[in-house]
Amino acid sequence: MPIVTPLTQLLGIRHPILSAPMDTISGSRLTRAVSGAGGFGILGGGYGDRARLEAETKKLSGFAPFGIGFITWSLARQPELLDIALDAGPQAVMLSFGDPAPFAPRIKARNTRLICQVQSEDMAKQALDAGADILIAQGTEAGGHGASRTTVDIVPAIVDLAAGRVPVVAAGGIADGRGLAAMLMLGATGVLIGTRLYASIEADGAEEAKQRICAANGNDTVRGVIVDWSRSLFWPAPFTARTLLNDHIRRWTGREIELMQRAGEIAVEYAAAKTAGNFEVAAVFAGEAVGLIHDIPPAAEIVERIATEAEQLLAGRRNSGASFPSPTRGEGLQRAN
C-alpha cells in the first residue's frame, strides 16, 4: 500500500520521492520518468543555460506533475529565466543556495509551490519567511553542492523548526527504501533523490560517469572546492561540492592556493577534459550513497524499488507493534487503505 504523507497530499503524487534537479543531468526525460512512476520529477535549471531551459521545458509542455529547480544565486544573475520556467506550468519551483525572497512573490503569484532546500535552521527560517511550501533538509552526504551538517542531524532539526507548518523532505545519502523509511522515522515526509537517479537510463549523464558511480563506495567521494575552482566557479560560503575522487582532485588536494592562482589555465584544461569525457579530470558529482548503487536501471524501476522497500519495512514495523513518531514531530505519517 502506498505511503501517504503531507508531501504526497500536497503535490498529488503516489510516492514521497522527489528527484533532485541535478544541473544538466536532470533533463526532461528523467523528470518525466520519475513523475510517471508516481514520484515528483524536478528539471535541473543548473547555472542558467537559457537555450537548454527553453528546449527542455518545451518537452514538458502539458505534462504533470513536475517541478523546475534553480541555483538561487545563479538565478539572481539571470532573473528572466524564472519567467521561462513559470510559463512552462510547473507545479513547483525549487530554489537552493541563496535567499529565495526576491523570487518568491513571482512564484506564488502563479499559484506555483515554492520548494526551498536548506542546510541550517537559519536558512530554514529565511525560507519560511519567504513563503516556502516545502523545505528540503539537505545533509552533507549529498552529491553536488551542500554544507556540513549530516542528514540524520539536519532533518529532525528542520522538522522541529517547521513544527508541521510545511512538509519537510530529507536529502543526502539516500538511495534505497531503507533510507526513505529511516527519514520518515525522523519526521520527514519524503525524500529527494539525486545520485541514485543519476545512475539511471534516463539521466542525461555520460555512460562512463554512471559506471563510475556503480563502481564506487562511500569512501570514494570527497567534499571540497577543487572542482569549482577548476571551473573558475567561486561558490558562496558555506557551500562546497561533493564528487567522486579522481586524479585531478588528488593532484590539487593541499595545493588549493596554487590552484586559485592558476585558475584561468586550469579552467581551460578542465573544460577540455569535460568535453572529451575524461573523468580523471572532469568531476562526477555524486554522494556518499554510491556504495548502495550497483546498476543503471530505468528511473521508474528505481522509484518503485525505493517505495516498495520502504512500504515493506514500515509495514513490518507496524505489524511488530512498534510506534511511529507523533504527528507533531512526524507530521502525520499515514498509510493508504
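# Strands, helices and unusual backbone sites in a predicted model

Strand S11 and strand S12 (residues 240–244) are paired in the antiparallel sense, with four bridges between them. The model described here is a predicted one. Within this pair, Thr221 of S11 has Leu244 of S12 as its bridge partner. The two strands belong to an open sheet of three strands, ordered S8-S12-S11, in which the pairing is antiparallel. Strand S8 (144–146) and S11 form the edges of this sheet, each pairing on one side only. From one strand to the next, the twist averages 30°. As a general matter, the strands of a sheet pair through backbone hydrogen bonds, in either a parallel or an antiparallel arrangement.

Thr221 gives a more detailed view of this region. The residue is located in S11, which spans residues 221–224. Is Thr221 buried or exposed? Its relative accessible area is 9%, and the limit for a buried residue is under 20%, so Thr221 counts as buried. The side chain of Thr221 makes a polar contact of 3.1 Å with the side chain of Arg242. When neighbours within four places in sequence are left aside, the contacts of Thr221 include Arg242, Thr243, Leu244 and Leu245. Also in contact with Thr221 are Ala286, Gly287, Glu288 and Val290. Leu244 therefore appears both among these contacts and as the bridge partner of Thr221, a pairing that rests on the bridges DSSP finds between strands.

A parallel arrangement is found elsewhere in the model. Strand S3 (residues 41–44) pairs with S4 in the parallel sense over four bridges, and Leu43 stands opposite Ile68 in S4. Why is S4 described as largely enclosed by the rest of the structure? Six of the six residues of this strand (residues 66–71) are buried, so the description follows. In a regular strand, the side chains alternate between the two faces of the sheet. In S4, Phe66, Ile68 and Phe70 point one way, while Gly67, Gly69 and Ile71 point the other way, and all are buried. The loop between helix H3 (50–58) and S4 contains Pro65. The peptide bond joining Ala64 and Pro65 is cis, with omega about -5°.

Strand S10 (residues 191–193) contains Leu192, which counts as buried at 6% relative accessibility. Leu192 and Ile17 are 175 residues apart in sequence, yet their C-alpha atoms are 6.0 Å apart in space. Residues up to four places away in sequence are not counted in the contacts of Leu192, which include Leu18, Ser19, Ala20, Ile42 and Met94. Leu192 also touches Gln117, Ile136, Val169, Ala170 and Ala171.

Among the helices, H15 (residues 263–276) permits a check on its length. At 1.5 Å a residue, its 14 residues should span 20 Å, and the end C-alpha atoms are 20 Å apart, which agrees. The buried residues of H15 are Ala263, Ile266, Ala267, Tyr270 and Ala273. These residues cover an arc of only 130° around the axis, which puts them on the same side of H15. An α-helix has 3.6 residues a turn, so residues three or four places apart point the same way. The face of H15 turned away from the buried side carries the exposed residues Gly264, Val268, Thr275 and Ala276. The cover over the buried residues of H15 includes helix H12 (226–230), helix H13 (247–252) and helix H14 (256–261). After H15 comes Gly277, with a positive phi near 75°.

Helix H9 (residues 177–185) has Gly177, Gly179, Leu180, Ala181, Met183 and Leu184 as its buried residues. This helix is followed by Gly187, whose phi is positive, near 105°.

Further backbone sites lie in loops. Pro238 is in the loop between H12 and S12, and the peptide bond from Ala237 to Pro238 is cis, with omega near 5°. Asp23 is not a glycine but has a positive phi of about 35°. Asp23 occupies the loop between strand S2 (17–19) and helix H2 (28–36) and, at 27% relative accessibility, counts as partly exposed. Ala163, also not a glycine, has a positive phi of about 50°. The loop between helix H8 (151–162) and strand S9 (168–171) holds Ala163, which counts as exposed at 51% relative accessibility.

Notes:
Residues numbered from 1 in each chain as written. Predicted model: local features only at pLDDT ≥ 70, side-chain atom pairs only at ≥ 80, totals over all residues. Heavy atoms only, no water. Expected span 1.5 Å × (residues − 1). Buried < 20%, exposed > 50% of the residue type's maximum accessible area, 1.4 Å probe, protein only. Arc of directions from axis to C-beta. Contact = heavy atoms within 4.5 Å. Polar contact = N/O pair within 3.5 Å; in protein donor to acceptor, adjacent residues only side chain to side chain. Axes fitted to C-alpha atoms, helices over the stretch in contact; angles between N-to-C directions.
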